[in-house]
Amino acid sequence: MKFILKIIKIFPPEASHIIALHCLNILYKLKILNLFFPKFEKDSFEFVGLNFTNKLGTAAGLDKNGDFINCLGALGFGFIEVGTITPLPQSGNPKPRVFRLSKDSAVINRLGFNNKGVEHLVKNLQQKKYKGVVGVNIGANKNSRDQKRIDDYLICFERVADYADYITINISSPNTPELRNLHNEKNIKLLIKSVEEKSRLINYSGPIFLKISPDEPANLIKQIAGLIEESQLTGLIISNTTVKKNNLIEDKYKHYQGGLSGKPLMEQSTKSLKIIKEAFPQLPIIGVGGVMSKYDFDTKISSGASLVQIYTGFIIHGPQIIKQILSKH
C-alpha cells in the first residue's frame, strides 16, 4: 500500500488526491477495502445529540461533493464531513492551485470552493449506504456579495437539512474574496440571525456549527464564540487553514497565496481552540488543523475538542493514519 501511495504522489497534488479517492472507491466496490484497512472496534459515544463510533472524522475539502462517502466511511472514520458546497456548481480558481510542501508536511491550496453544486451533493446524500454521522459544510458562490452571499448559505442550508446529521457554516476559507469579512460583528450577527430564522422556518433541529479562521485576533474569536453560545447555533469548528506562512521551512512558498494546512497549522489552530475552551467551557468544539499523528489528535482532545477532523494528515500519510490514531496501544 505504501508503494501505491508513492506512485499516486508522482502526479500533481490535486490530481493525486482525486486518483487516491477513486482507488479507495474501487476497492470498496470490489468489497476488498477492509482487506487492506481493517475496521476497528467501535468506541461509541454521544455528542450534540448524535451517536459517533469514534472521535475521528474527515474535514471538509476531502470529499467536496459527497462522491466518496461510502468508501471513506468504510475506512473506520467516526464521521464524515462533506463540502464545502455552494448553491451553483463552480470550477474554482485557476490551476495550479494545490501545492505540496514535503519538508513542511504541509499543503497550500487556493481551490476556491470548486464543487458540483448542492443538487449533486443532495443526490449523493440520498443514495449513500454509509450509516454513520455525515455533516455538510456549506458556503457561498464566489460572485455572490452582501445579502446574496447570506442567501447562498440559506439556500444550501434548506436544501441539505433533510439529509445532514449536522450542518457547518464555512465563513473561513481564505480563497473566496472577502468571505472572512463575515467574522466581523455586524456581518456575523446578520448571518446567525438569518440561519436561526431559516432553521425555525423549516423545523431543522440538528446541530449547526460555525467554522472559523485561525487568523483572527483572540478578542474577535471570543466575541464570535459568545454570539454562538447565546444563539440557536451549536458550536464551533476550529479551525480552517491559515494565510500565515512565516514559519515555513521552504522559503519559496512563504509568499504563495492560499490557505496553509498540515503540520505548521497545528500550533496556531490549537491555540485558538484553547482560548475558546477556556472562555466558554460548555461550548461544543470540533478541532481541526495540523493533525498528523495520534499525539496531535490527543492534543486536540486535551485542549478542549470533543471531536477531531483530519485532512492533510490523511493526504500525506494515507489511510494508515486512521489506524495509528484510533489504536488503543
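# Reading the barrel and its helices

Mentor: Let's start in the loop between helix 7 and strand 9 (208–212), where Asn203 lies. Keep in mind that this is a predicted model.

Trainee: Why is Asn203 called exposed?

Mentor: The relative accessible area of Asn203 is 67%. The label exposed asks for over 50%, so Asn203 qualifies.

Trainee: What makes the phi of Asn203 worth a remark?

Mentor: Phi is near 60° there, a positive value in a residue other than glycine. Most residues other than glycine have a negative phi.

Trainee: Which residue in the loop between strand 1 (45–47) and strand 2 (50–52) should I look at next?

Mentor: Val48 lies in that loop. Val48 is not a glycine, yet has a positive phi of about 45°.

Trainee: Why does Val48 count as partly exposed?

Mentor: Its relative accessibility is 24%. Buried needs under 20% and exposed needs over 50%, with partly exposed in between. Val48 therefore falls in the middle class.

Trainee: And how do you know whether Ile69 is buried or exposed?

Mentor: Ile69 has 2% relative accessibility. With the cut-off for buried at under 20%, Ile69 is buried. Ile69 belongs to helix 4 (residues 69–74).

Trainee: Which residues is Ile69 in contact with, leaving aside neighbours within four places in sequence?

Mentor: Those contacts are Asp63, Val82, Leu125, Lys128, Tyr130 and Val134. As for Leu56, it is 13 residues from Ile69 in sequence, and the C-alpha atoms are 15 Å apart.

Trainee: On to the backbone. Which peptide bonds are cis, with omega near 10°?

Mentor: One runs from Gly83 to Thr84, and another from Ile238 to Ser239. Thr84 is part of strand 4 (residues 79–85). Ser239 sits in the loop between strand 10 (235–238) and strand 11 (259–262). As background, most peptide bonds are trans.

Trainee: How many strands close into the barrel, and in what order?

Mentor: There are eight, in the order 3-4-7-8-9-10-12-13, with parallel pairing. On average, neighbouring strands of this sheet are turned by 25° against each other, direction ignored.

Trainee: How do you know that strand 3 (residues 56–58) and strand 13 (residues 307–310) pair?

Mentor: Pairing takes at least two bridges. Three bridges join strand 3 to strand 13, and the two run parallel. If you want a spot to zoom in on, Gly57 stands opposite Gln309 in strand 13.

Trainee: What lies across strand 3, strand 12 (285–288) and strand 13?

Mentor: That is helix 10 (residues 294–302), which runs at about 140° to strand 13.

Trainee: Now the helix pairs. What makes helix 9 (residues 266–279) and helix 10 roughly parallel?

Mentor: Their axes cross at roughly 20° and come within 10 Å. Angles under 35 degrees earn the label, so helix 9 and helix 10 are roughly parallel. The crossing of helix 9 with helix 10 is right-handed.

Trainee: Which residues make the contact of helix 9 with helix 10?

Mentor: Helix 9 brings Met266, Ser269, Thr270 and Leu273, while helix 10 brings Asp296, Thr299 and Lys300. By class, that is two nonpolar, three polar and two charged residues.

Trainee: Why do helix 7 (residues 185–201) and helix 8 (residues 218–230) count as roughly parallel?

Mentor: Their axes come within 11 Å and cross at roughly 20°. Set against the limit of under 35 degrees, helix 7 and helix 8 are therefore roughly parallel. Their crossing is right-handed. Glu185, Ile188, Lys189 and Ile192 of helix 7 make the contact with Gln223, Leu227 and Ile228 of helix 8. These residues split into four nonpolar, one polar and two charged.

Trainee: Let me try helix 5 (residues 118–127) and helix 6 (residues 146–160). They pack at an angle of about 20°, with axes 10 Å apart. So they are roughly parallel, the bound being under 35 degrees.

Mentor: Nicely done! Helix 5 passes helix 6 in a right-handed crossing.

Trainee: Which residues meet where helix 5 packs on helix 6?

Mentor: Val118, Glu119, Leu121 and Val122 in helix 5 meet Cys156, Arg159 and Val160 in helix 6. This contact has five nonpolar, no polar and two charged residues.

Key:
Residues numbered from 1 in each chain as written. Predicted model: local features only at pLDDT ≥ 70, side-chain atom pairs only at ≥ 80, totals over all residues. Heavy atoms only, no water. Axes fitted to C-alpha atoms, helices over the stretch in contact; angles between N-to-C directions. Helix = DSSP H or I, 4+ residues; strand = E, 2+ residues; numbered from the N terminus. Parallel < 35°, antiparallel > 145°, perpendicular 65-115°, else oblique. Left-handed = near helix turned anticlockwise from the far one by under 90°. Contact = heavy atoms within 4.5 Å. Nonpolar A, V, L, I, M, F, W, Y, C, P; charged D, E, K, R; others polar. Buried < 20%, exposed > 50% of the residue type's maximum accessible area, 1.4 Å probe, protein only.
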